[in-house]
Amino acid sequence: IRTLVVGAGDGGNLFIKNIQKNSTDIKVVGVVDDNEAKQGFNTYKIICSNSNGDGNPIEVKCWAGIDIPEAPTEALHTTENGTHAIVTWVAPTQGKNGGSLDYSKLTYTVTRNDGVEVATGLSETRFVDTTIDTTEGQKNVYYEITAVNAAGTSAKAKTHFLVYGNPYTGEYHESFKNGAVETKPWVIEVVNESLNPGAIPYWQVVTKGANPIVEAQDGDNGLVTCTRNTPWAASRIISPKLQKGDIKNPVLSFWMYHYYNPDLENGWSTDQDIMQPEVFVDGKYTNLTEKPLLLINGNGWYKYEILLNDFVADKVFQIAFCGTSGTGYNMHLDNIAVTNVFDNDMRIAGFDLYERLAVGTSRDITVTVRNQGANAASDYKVVLYRNGEVFKEASSSKTLKFGEEEIFLFPVSATI
């Protein structure tokens, strides 16, 4: 077996070693290159020969010398006090090209998303950033870490974002008036990448919704849109930091534009366009609804209200909406708010009364009761008055949680 190296020294072929083996006892042959291989890739060619001549060569590339490091892994961004960022990562285990690393000469550079290199020449895999400036309000922060040695700089390892600064406390409202945000920062986080590198942004704050076309719910010329993308592309839009403050019973309310096109031949309605409301507390996302909201469940603006007591307590939190695209239509949101509700608040949500009733016929008066209070309601009744006197009444033992409704039917017959 003749072994040669291609590209070493002056770029020619350098004969390395000739090995004599009987064909019956050749299994694994190892060769050590005692010559001074060049820094970088060296291509080794192996040729098997016998009395009939040379066989077809095979080539193997091997990196010699110190390699450019691979990117660090497991980049993590946490905070203990909400003021200082703790950034940690795991050192690369090999070179970019499979070569060796000299860990004694490996350093790290940490760059914040505002472009500032907050640390250079680090030998440890941990850094604490004490220079985050929130004097002008909340700030979205993440970090990129690169490994550096004499051979070069690795690719970047990126951490998750965290928002720093004082939270908005008490009641909160964002309506995206005139196609802009009034409270900051709203952050977009990609959950599943689009298959189309040139796709339009995942979320956009706009003055008017498109596909389907829609005006702002509250008429203020602004809303936010989760854009139609490639199948199963998913992303979140996340609110600034919030805290209930002096609110006893915080309730999240928002409006979502539902759309269903019955023209199955020319439309794109699908049950794969979904929106999941979430809350971000203590570094974890929690679903606020048992099932995601389907775009096709209706036509027009629908209001949703969710009691947050069991989700946030007194902690700092962020509201998030995770949209998943089925390449159907865009999903529009507007008028996002956190407000207070009373402990107990039973309301008449609907009252449907016939206009006319013919003699000898019967119609129903429909009364819809809604619990708008934080406490569950039970043992309640509805009383109808006619001309100032009790006309009909009905009781219920059904328990209604916040936002739940019950319908009462009161049959009425006309007589002479």
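**Exercise 1. Work out how exposed C62 is and whether it sits in a disulfide.**

Step 1. Start with the surface: C62 has a relative accessibility of 40%, so it counts as partly exposed. Keep in mind that this is a predicted model.

Step 2. Now look for a partner. The closest cysteine sulfur to that of C62 belongs to C48, and the gap is 19 Å, too far for a bond. The cut-off for a disulfide is two cysteine sulfur atoms within 2.5 Å.

Step 3. Flip to the other end. C48 is in no disulfide, and the nearest cysteine sulfur to its own is that of C62. C48 is partly exposed too, with a relative accessible area of 46%.

Step 4. Zoom out: searching the whole structure turns up zero disulfides.

**Exercise 2. Find the cavity and say what kind of residues line it.**

Step 1. Count first. There is one cavity of 30 Å³ or more in the structure. The largest cavity holds about 40 Å³ of space.

Step 2. Pick out the wall on your screen. The lining of the largest cavity is made up of Y202, C226, T227, N229, A233, A234, S235, G323 and S325.

Step 3. Sort that lining by class: you get four nonpolar residues, five polar ones and no charged ones.

**Exercise 3. Describe the largest pocket, from its centre to its walls.**

Step 1. Get the volume, which for the largest pocket is about 520 Å³.

Step 2. Go to the middle. The pocket is lined by 18 residues, and those closest to its centre are L288, E305, I306, L307 and F402.

Step 3. Ask which elements supply the wall. Two or more lining residues come from each of β28 (300-307) and α1 (309-312). The top contributor is β28, with five residues.

Step 4. Check the chemistry of the lining of this largest pocket: eight residues are nonpolar, three are polar and seven are charged.

**Exercise 4. Do the job again for the second largest pocket.**

Step 1. The second largest pocket contains about 440 Å³ of space.

Step 2. Its lining has 20 residues, and T79, L162, D282, G283 and V316 are the closest to the centre.

Step 3. The elements giving two or more residues to this lining are β7 (73-78), β16 (162-164) and β25 (274-281). Of the elements, β16 gives the most, with three residues.

Step 4. Sorted by class, the lining of the second largest pocket comes out as eight nonpolar, nine polar and three charged residues.

**Exercise 5. Follow β7 from the pocket wall into its sheet.**

Step 1. Recall that β7 (73-78) is one of the elements giving two or more residues to the lining of the second largest pocket. Now trace its pairing: β7 belongs to an open sheet of three strands, ordered β7-β8-β11 and paired antiparallel.

Step 2. Find the edges. β7 and β11 (126-129) are the edge strands, each pairing on one side only.

Step 3. Check the twist. On average, neighbouring strands of this sheet are turned by 15° against each other, ignoring direction.

Step 4. Zoom in on one pair. β7 runs antiparallel to β8 (residues 85-90), and the two pair over four bridges. For a spot to click on, take T73, whose bridge partner in β8 is V90.

Definitions and conventions:
Residues are numbered from 1 along each chain as its sequence is written. This is a predicted model: local features need pLDDT of at least 70, side-chain atom pairs count only at pLDDT 80 or more; totals for chains, interfaces and linings use all residues. Side-chain values use heavy atoms; hydrogens and water are left out. On a 1 Å grid over the protein atoms alone, a cavity is a set of points where a 1.4 Å probe fits but cannot get out, and a pocket is an open set with protein on both sides within 12 Å along at least five of seven lines; lining residues have an atom within 4 Å of a point. Grid points are joined across faces, edges and corners, and a volume is the space filled by probe spheres set on the points. Ala, Val, Leu, Ile, Met, Phe, Trp, Tyr, Cys and Pro count as nonpolar, Asp, Glu, Lys and Arg as charged, and the others, Gly among them, as polar. Buried means under 20% relative accessible area, exposed over 50%, partly exposed in between (1.4 Å probe, protein chains only). Two strands pair if DSSP finds at least two bridges between them. Axes are lines fitted to C-alpha atoms, for helices over the stretch in contact, and angles run from 0 to 180 degrees between N-to-C directions.
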